[in-house]
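This report introduces the structure shown below to a reader who has not met it before. It begins with salt bridges and then turns to strands and the parts around them.

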Amino acid sequence: MNSTDVLLSLSIGSSSVVAAISKPKYDIDNSIEILGYGSVQSSGVHKGLIINIEEASRSIKSAILKAKESAADITIGSTVVSISGNYTSGIKGEGAVTIQNGLITESHISQAMQMALSNSTINIDYDVVHVIPTSFVVDGVEVDNPIRMNGSRLEVNVYIVAAKRNALINIKSALRVFGIEDISFVLDSYAAALSVLDEQQKKIGAVVINLGSTTTEFVYYKGNSIIYNGFLPVGSNNITNDLSLTLQTPIPFAEQLKKDHGSLIKNYSTQEEAAKVSIPRINDEDVFSDIALDFVQGIVHARVEETLVLVRNELKKYAILDNIGSGIVLTGGMSETIGIKELSKKVFEGIPVAIATPKALPNAFRVRFDELNMSSIVGLMMFGLGINRAYQIDSNKRLIKPIRKEKPVENRIDSFNQELGLQKEQLETNTLLEPIQQKKKTGLLTRLTEWF
């Protein structure tokens, strides 16, 4: 196995740290092979920020060790790590280059994006994480992909994601304990969008809202690019806290109450006898009180609605809702709340709303990757393996390509070459084949001349 193909993906969240070791299968469906998986409870992370490096390092190490249990002899080629939108900012930029020989290459695309980056004002305390093209223009005409086109001038508009340098250094420090040095950072909400949007949604645009345990992150994704990203420091744990404080019940019971009775659409008050549930009291768990379920529903509804309204107001502020394309896509653990789709349609005033999960990834670890809380880790794998990824400059200032390389299939290529009468040594990786020289066709008069 080529170690450069093996990817370690790390999703560092406030509730859990997830590590996945994977590699591409090189099939027509761009499938992912899962080599290892580990998930542990997170420690030392609060609302996407590392607040205790030692505790965070232990959590990360535990997750990686679990993933390595079934992949002990496999060498990791590259590592991608999610970062929270809590400490990021988005900047728009533009750049242009002159094409001397008329043929646009990847080098020209890189130069144009670097020019857009240099033309933009980045806070001195921030480092660039993504430089993603939002549009290309060749000689005044907008194009989807300028590679190998002819033109004299290439222009590019980009969306730049920058993150606080100290926050990134803290993540690197936590990973350095495990010997991981070469890291690419990926915005968490960007990864989620890669994993849940279909091709039509990506083309015409959609807002993806990742509702997590302590954070809500959202992006407007259109045409293989981010147009806008936002962050709110609220999530499903806030519902738990509200229930605990209002009902004076311990956090574990409040969490279970949320999971069992956190519906937004059940109308408990219409029952002949109002439905109730018994819960223990804080500091005296032997004493139980009966609480009406419609009262519980009201607490949950208030927090979920407030979260959605805050997202809506942020999107309105930047006029995103005026041209939203295919609508709103919800993902993340909080999206499991019954009735959240119906409530979202009301909050977003009739804009289409869907709840989406990543596609299933078959694996030997009995892990369901097609769950709402798996959006980030699946998106990280898709990004790291080059699936559904656009031309862009990554956090290491390297140009990365939208199409991952194909694995050479020796037997099939050799057989095909023999049919064409070519020798194996004539072929080189990543080179273009010259047209095959065909024998010149001869007419009847020519053949008669050759005979005589």
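In this predicted model, the side chains of Lys317 and Glu314 form a salt bridge in which the closest N and O atoms are 3.2 Å apart. The two residues belong to helix α8, which covers residues 293-317, and because they are 3 residues apart there, about one helical turn separates them. Lys317 counts as exposed at 57% relative accessibility, whereas Glu314, at 22%, counts as partly exposed.

Another salt bridge joins Lys316 to Glu349, with 3.3 Å between the closest N and O atoms. Lys316 lies in helix α8 while Glu349 lies in the loop between α9 (340-347) and β18, so this pair ties together parts that are 33 residues apart in sequence. Here Lys316 is partly exposed, with a relative accessibility of 42%, and Glu349 is exposed, with a value of 54%.

A further salt bridge is formed by the side chains of Glu371 and Arg368, at 4.0 Å from N to O, and Glu371 is partly exposed, having a relative accessible area of 28%. Asp182, Asp394 and Arg398 are linked in a network of salt bridges, and the count for the model comes to 15 salt bridges.

The table lists the pairs for which a distance has been given.

| Salt bridge | N to O distance |
|---|---|
| Lys317 and Glu314 | 3.2 Å |
| Lys316 and Glu349 | 3.3 Å |
| Glu371 and Arg368 | 4.0 Å |

How are the strands of the open sheet ordered? The sheet has 5 strands in the order β14-β13-β12-β17-β18, and their pairing is mixed. Because β14 (226-232) and β18 (353-355) stand at the edges with a single partner strand each, one side of each is left without a neighbour in the sheet. On average, neighbouring strands of this sheet are turned by 20° against each other, direction ignored.

Within this sheet, β12 (residues 206-211) and β13 (residues 216-221) run antiparallel and are joined by 6 bridges, and Ile209 stands opposite Phe218 in β13. Helix α4, made up of residues 188-196, packs on the sheet and touches β12, β13, β14 and β17 (328-331), with its direction at about 60° to that of β13.

Strands β15 (residues 276-281) and β16 (residues 284-292) also pair in the antiparallel sense, over 6 bridges, and Lys276 stands opposite Ala292 in β16. These two strands form a hairpin with 2 residues between them, and Asn283 in the turn has a positive phi of about 70°.

Methods: Residues are numbered from 1 along each chain as its sequence is written. This is a predicted model: local features need pLDDT of at least 70, side-chain atom pairs count only at pLDDT 80 or more; totals for chains, interfaces and linings use all residues. Side-chain values use heavy atoms; hydrogens and water are left out. Two strands pair if DSSP finds at least two bridges between them. Helices (H or I, at least four residues) and strands (E, at least two) are DSSP runs, numbered from the N terminus. Axes are lines fitted to C-alpha atoms, for helices over the stretch in contact, and angles run from 0 to 180 degrees between N-to-C directions. Contact means heavy atoms within 4.5 Å. Buried means under 20% relative accessible area, exposed over 50%, partly exposed in between (1.4 Å probe, protein chains only).
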